[in-house]
Every structure is written in structure tokens, then in C-alpha cells.
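The following note sets out points for a colleague to check against the coordinates. Each point may be read on its own.

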Amino acid sequence: MCKYVAVMVDLPVEQVDKPFTYKVPDRLKKDVEIGRRVIVPFGRRKIEGYIIDIVEEVDFDTKDVINIFTSFQFFNQELLDLAKWISEYYQCYLISALKAIVPSGKNKIKTKRVIKLAQSIAQSKEIINEMNGRAYKQIEVLSYLVENPNLLLTSTELAQKVDTTPSTIRALVDKGFILYQVEEVRRNPCSHLNFKTTKALSPTEDQQIAIKEISNSLAEEESSTILLKGVTGSGKTEVYLQAIAKVLEAGKETIVLVPEISLTPQTISRFKGRFGNQVAVLHSQLSTGERFDEWRRIKECNVKIVVGARSAVFAPFNNLGLIIIDEEHESSYKQDDHPKYHAREVAIKRAELSDAVVLLGTATPSLESYHRTQIGEYKLIELPKRVDDRPLPEVEIIDLREELKSGNKTMFSELLQEELKDRLAKGEQSMIFLNRRGFSTFVQCRECGHVMECNDCDVSLTYHANPTILQCHYCDYKEDVPNTCPNCGSIYIKYFGVGTQKVEESLKELYPEATIARMDVDTTRRKGAYQQILSSFKQGEIDILVGTQMIAKGHDFANVTLVGVITADTALNLPDFRAGERTFQLLTQVAGRTGRGDKEGKVIIQSYTPEHYSIQLAQEHDYKSFYQLEIGTREIALYPPFTHLINITMSNEDEDKVIKVSNQLGEILSAEMNKIDGEDIMLLGPVQAPLAKVRGQYRWQLLLKGKDLSQLRLLTSQALTELKDLSTLKSVRVSVDVDPLGML
Ligand SMILES: Nc1ncnc2c1ncn2[C@@H]1O[C@H](COP(=O)(O)OP(=O)(O)OP(=O)(O)O)[C@@H](O)[C@H]1O
Ligand SMILES: [Zn+2]
Ligand SMILES: [Zn+2]
């Protein structure tokens, strides 16, 4: 019988966003399987692709598959179905979704030529005896191998170990006592980690209830979603660990997603400490090779637990029991490139396909998730107290306008200065948070008002000290700081706005005796730097740690008793309906970093808008009131979770073209909406995007809003097809974002 396969070729373009059928020649028939990588003829080229279906008969002519890679099945039917769902839900090409699932890059198996005993250990021992003390170094080499038969050492490495030269080793090879052998080496990203083995803690009453509820859901073997809402320091991680133990008992696998930024050795050690080598780690800091090897360890069923960032949701498990998403409210779970998927939604879909349970954990649930508990879609479990009944920290709000009135021109309120001094005296630690890096956030001429801007983006340049430079935070463009205004030639150039660098420097002036460090993108570029700052903070070598949101999440430092927020308003001023939610989340998380040990913690939030409810309710640690207020606003303004949004962004270096295509698409959408009587659908725009230009590309947007997402998606795809037929301006990039998280 003749076999055919349907192949998705590896070209992310509209015209090939459908499977092509090829015939399988006899020699390859045994290798046919869904998820295999193949080479197929395509036009006059040869191209790679993936098998997504097997067909027994077709009634048209096809070309032959050229080759099938036999090393791996890159995805199984379940992951293929997930990819199909992603491509439909998020309106991307199927091949793009598939490529999000399979390990990226050209992956090679790493090998090295190692030395092995040519004979058995017993025989080798005899050889040593027979050598009878002659060729002393050769005996040493042989003995070493007899004692360490499993070590994979190259001849150079071996020579080093026994302090001899490679010629000794060559001599042994010539005698046939040892031989060269090519062996695979697995790269192990955790080899440098030494973790303490931990045992399950005896759970608190609340933890006990949570674990019981989760076990019940697991036992049902049906997909479901649980939201574990636990205040900061309530011991959510221990609940995760004990839930994973249940999954292991049932012989199933667990995926744990944490935000990229929290994927620190400390986090990994908490899982490795409990489950040892059953844990694999996947994140973007691994080299392609390391990631590939971890992927294969999962694939070969050598691990039961994967801890990783967003894309670990695609870990190639076959018997998934549980997906945990820690800090589920984090916006980094949404990918900003195509496919623009949200890991939480993908996890829920994957759990549905494999009858698994999704466990979302956070102190500050996203409005969407909490809303879903209220309408019965998710189960809600709460940990309302900190472990050991530690109190949540006292939060004080400082009105910066009042500070200024009373003559304080520094960025630190009187209170914050006093409290910092007090902590230094007591030998306790403090964290100072500001969500802006650099020294000054913009540079302006005092004579003509000219602001230094990026040439390619519609943003002002940030001033950085050491080295002194103006930098664009969107495209990384850098230029020297001008001595005179490029507009009017004036020498009166002033620096405005405070970044973390300036906070650090000012603190050093105020407290010259203190050890102060800074953690932001700029200080952590070097590999290992992030880790180094964290561990020296943990060991008490740093008194005050200044940082961006990098210091806000998940860290557990017992000796931190003071957290200061320089200004709470940075996120509030963004043109985004989620600004209030973001601010509440961030403040609650930052506040949660203190008072985690035996000593009580204190938080000082400085703000120019202290009356804002996000700030007020963060002070009270009052999520529920915040939710009530915010959800009311969303309902009235028809924003998610009451509607879905699709954001369509057009971009090109020629703004006229962008406007033309945006108008065209706007008209098509309106016409389509009239046709389907889309009364519930709202079309906003076209308008210039809030971030009007990035990397030389002008940007315009259209926003669709409606209750029925499938209707919105259908509308979008029809309109885009129509646009492509009409539009003469093919160079304009059109990018679709379903359920966007950022509106910039
Ligand atoms: N049952 C327990 N008995 C004793 N200590 C516990 C118990 N559960 C957790 N802890 C400890 O309490 C501290 C806080 O726990 P954990 O970091 O898991 O909290 P969390 O809820 O994840 O906090 P956050 O949301 O702030 O990250 C940790 O040091 C942890 O070891
Ligand atoms: Zn000027
Ligand atoms: Zn720029």
C-alpha cells in the first residue's frame, strides 16, 4: 500500500500556511510518524518541514519525500493539536506555532572522543599486574581508568588527571590496552548548582486544605483549573512541592512555569532540592545546546518535572498530570513575538487535551483569573496568612507633593531617610525600588525646551552615567551626551527624571558607610551577575539593594525589614486600562519582600497621587476591594474580562503608507461589521499607536472589542484576506495581537 504524508513546510508565509502532500518512498516508510522532521522538494528547492498527518490514498500526483530525520519525534498528536489551537486562537501560521513548540535552533548532539579501557576491568587489572612495575606512568593511567570506568575523559584530560603526557596514553592505545571512543556528552545546565536536599515541611492548616483540594482535583483525572491565591510569604511554593509529590505518586509529570526573571538558582534549587534529578530546567538563558539536551532528557522520560519560563509549557511530556503557573498575573507569560500566545491560556488548553490540572498561584491574581473564580470556571483556594502567623508589613504612603512643599528637594522623603538610617544602625537590610533604569530619564535644553530623542523611536533618550551616554531603551541606540543643544546651541542642558543609577548614587552620598548595590538590566548583563548580587544580598554583604522590578518578585530574604518605593506613579501614568491593576500588583509584590523573617517589616511608598485607589488598597493589602472597584470599571467601560480585544498594528518606515493601509483596513472592517450585523463589536481607530515609532517603523493601530472572540477572529481574518487582495502596499507589516496585554 502506498503512503502519503501531509507536511507543513518551514516557511512562515501566508501562501504556504497549509499542509502539502508528499508520497513516501518505500525506503522511508518505516520512519513515518507525526512530528518527524522531513526534507521535501518545494518548487525548485529542498526545504525542511514537519509531518502533521499520514494519509493512505490521494487521487492526485505528488512528489516524493526526500528524507525523514529519524532521531526524534518533535511533537506528538497532543502537541500538534495544541499548535493548531494556538494558530487559530492567536491568528498565526501553524508553522509558527509548531516552531514555538519544538526546540529552537540547529541542534547538534555534542560528542567527544574519550578514552576507555579496551578490556574488561578484571582483564585490565591483570594487565597491570603483568606490567610488574615497569612503565610506571602507564600503570597509573590504567589504574585510574580501572577505578573510574565511567568517566568520560579525553586523552588530554586524562593525561592531566594522572599528571602525564598524551604520549603515555598513545603508548597504551598502541598496545591495545585502551582505546578511543566517541561518546555523547550531555550538557547539564545545573551542574554548577549545589542544592540541599529537603523534606516535605509539615504544612500549615491552610496549606493542608490547599493540598487536599488539589489532590482531589488530580484524582478526578479531568482537566480543571485552580487559582491558589496566597498572600506573599504564605508558603505557596511548599503547596506546589507537595502537589508535585502527589503527581509523581500517580506516575505522572508536572510542568512548573515561573516568570523568566524568577528563574534563579534559588528557585531551581527549591525544586531540585526536593526532587533531585527528576527535575529538568528550560529557560532562555541556556545555550541552544543545553536546552536541546534538557529537551531530550524530558523526551526520553528521564525526568518527571520541568521548571521553566513561558515556553516550558510545551515540554514534551506524554503523561502530564499538573501544570503550575507561579505568579500567574505576570505579563511576561504573554509572548510579544508571533505567535503572541499567553502561557496561561495555552496551559489550560493543554490540560484540557491531556486531562491535567492547572494550578495558578499568586498573591495578586490577574483580574481575568479572579473573575473566572467568581463565575465558577476556576476553583479558588486561599492562603490568607503568612507562614507562622507573621504579620503582613505595615505600609506607609508619603505624599511627595507635601515633601516638596516642606522644602525636601531630594528623592527620599524624611521618613524614608530616617528608616534607612535606623536599618543601617540595626544591621538590617533594605530594598529600594524604582521601575526606571539609567540615571536621568530625559535630557532637555533649558533655553528652547528641546528634548533629546531617539532617531528611530518616538521616545526620549535616557541618560546613563559610567560610561556617560544617552541611550534608547527600545532599540538600544546610543549617542554621546551633547555639550550644546543640537537645536539652539545653548549650553544650558538639564537632566530630568530619576533612574535607578541616580538613586544608587544619591544613597551612596547619604550613607557613605553603607554597602549599596543595584540590580537592573544594566548591572546584570554579564552572565552570572544577577546571581552574584542576589547571593551577596542574601549573605548580608549588601545593606541596601536598589533595583527595578527585578527585585520585586519572589525573593525570600529573611533580614529585609524595609522596602522603599521611590515613586509609585510610573506605571499609573501609562495609557493603558490595566495601569491600575499593574500598579496594585507591583506594589503588593514589592511590599511582600519585607518582614519575611522573624522581624517585622515596613514599607514606604512615595507617590504624587497617593489618593489613587491602587495605592490606597495596596497599603491595606486589600485585594478583594481592589478587585471589586476595578472589575466595576471594566464592566462599565467594556474592557476584559467582559470583552475580548484584538489589536492590529500596521507599521512601515513610510508613515503615509501606514496611514493608507490603516484606513483601508478600517474601512474593510466597518463594511464587514455591517454585513454580519456586528452590533456587539466595536472598532476603535485607526489611530497612531501610543508608541508612534519604534526602530524607524511608524505605527498605527486598529482595536477591535467584542464579547464573542471567535466572531472577532473571523472578522479579522476575513478583513486581512480582503486587504491583501486590495492592498498595493504589501510592504506594510500587519501584526495581529489577540488578547493583548500591552496597548503600546
Ligand atoms: N509549612 C511550613 N512550615 C514552615 N515554614 C514554611 C512552611 N511553608 C513555607 N515555609 C517557609 O515560608 C517562607 C515563605 O514561603 P514561600 O516563599 O513559599 O512563600 P510564597 O507564598 O511563595 O511567597 P511569595 O508570593 O512572596 O513568593 C519560606 O521561607 C518557606 O520555606
Ligand atoms: Zn535648545
Ligand atoms: Zn530607539
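1. Ligand 1 is a convenient place to begin. In this predicted model, 17 residues surround ligand 1, and those that come nearest are Thr232, Gly235, Lys236, Thr237 and Glu238. Helix α8, which spans residues 236-249, gives the most to this shell, with three residues. By character, the shell around ligand 1 divides into ten polar, four nonpolar and three charged residues.

2. Where does ligand 1 lie with respect to the domains? Residues of the shell come from both domain 3 (205-389) and domain 4 (394-437 + 499-634), so ligand 1 lies between them. The UniProt entry, which is unreviewed, carries the annotation "domain: Helicase ATP-binding" for residues 217-383. That span is 37% helix and 23% strand, and its end C-alpha atoms lie 18 Å apart.

3. The overall division of the chain should be kept in view. Besides domain 3 (205-389) and the two-segment domain 4 (394-437 + 499-634), the chain holds domain 1 (4-101), domain 2 (111-184) and domain 5 (644-738). Taken over C-alpha atoms, the centres of domain 2 and domain 5 are separated by 69 Å.

4. The next point concerns a group of cysteines. The unreviewed UniProt entry annotates Cys445, Cys448, Cys485 and Cys488 as "binding site". These four are spread over 44 residues of sequence, yet they cluster in space, with a largest C-alpha distance of 8.6 Å.

5. Two of these cysteines deserve a closer look. Cysteine 445 lies in strand β17 (residues 442-445), whereas cysteine 485 lies in the loop between β20 and β21. Are they buried or exposed? Cysteine 445 is buried, because 21 other C-beta atoms lie within 10 Å. Cysteine 485 also counts as buried, because it has 20 C-beta neighbours inside 10 Å. Not counting residues up to four places away in sequence, cysteine 445 touches His450, Cys485, Asn487, Cys488, Ser490, Tyr492 and Ile493. On the same basis, cysteine 485 touches Cys445, Glu447, Cys448, His450, Ser490 and Ile493.

6. Threonine 484 belongs to the same part of the discussion. This residue is found in the loop between β20 (478-479) and β21 (493-496). Threonine 484 is exposed, because it has 12 other C-beta atoms within 10 Å. Leaving aside neighbours within four places in sequence, threonine 484 is in contact with Gly489, Ser490 and Ile491. The C-alpha atoms of threonine 484 and cysteine 445 are separated by 8.5 Å, although the two are 39 residues apart along the chain.

7. Which residues touch the most other members of the largest nonpolar core? Within this core of 111 residues, they are Val7, Val256, Leu257, Val306, Leu322, Ile323 and Leu359. Valine 7 touches Pro19, Phe20, Tyr22, Val38, Val40, Gly49, Tyr50, Ile51 and Ile52, not counting residues up to four places away in sequence. Another core, of 43 residues, lies apart from the largest one and includes Leu434, Leu545, Ile551 and Ile604.

8. The backbone should be inspected at several positions. Most peptide bonds are trans, and most residues other than glycine have a negative phi. The peptide bond from histidine 338 to proline 339 is cis, with omega near -5°. Proline 339 is found in the loop between β12 (320-326) and α11 (343-354). A further cis bond runs from glycine 685 to proline 686, with omega near 5°. Proline 686 is found in strand β27 (residues 682-694).

9. Positive phi values form the last point. Glutamine 91, which is not a glycine, has a phi near 55°, and this residue lies in the loop between α1 (77-89) and α2 (94-101). Glutamine 91 counts as buried, because it has 21 C-beta neighbours inside 10 Å. Aspartate 739 has a positive phi of about 50° although it is not a glycine, and its place is in the segment after β29 (733-738). Is aspartate 739 buried or partly exposed? Aspartate 739 has 18 C-beta neighbours inside 10 Å and therefore counts as partly exposed.

Technical notes: Residues are numbered from 1 along each chain as its sequence is written. Chains are lettered from A and ligands numbered from 1 in the order in which they are written. This is a predicted model: local features need pLDDT of at least 70, side-chain atom pairs count only at pLDDT 80 or more; totals for chains, interfaces and linings use all residues. Domain bounds come from an automatic or database domain assignment. Helices (H or I, at least four residues) and strands (E, at least two) are DSSP runs, numbered from the N terminus. Two residues are in contact if their C-beta atoms, placed from the backbone, lie within 7 Å. A residue is near a molecule or strand if its C-beta atom, placed from the backbone, lies within 6 Å of it. Ala, Val, Leu, Ile, Met, Phe, Trp, Tyr, Cys and Pro count as nonpolar, Asp, Glu, Lys and Arg as charged, and the others, Gly among them, as polar. UniProt positions are given in the numbering used here, feature names are shortened, and annotations may be inferred rather than shown by experiment. A nonpolar core is a set of buried Ala, Val, Leu, Ile, Met, Phe, Trp, Tyr and Cys residues joined through C-beta atoms within 7 Å.
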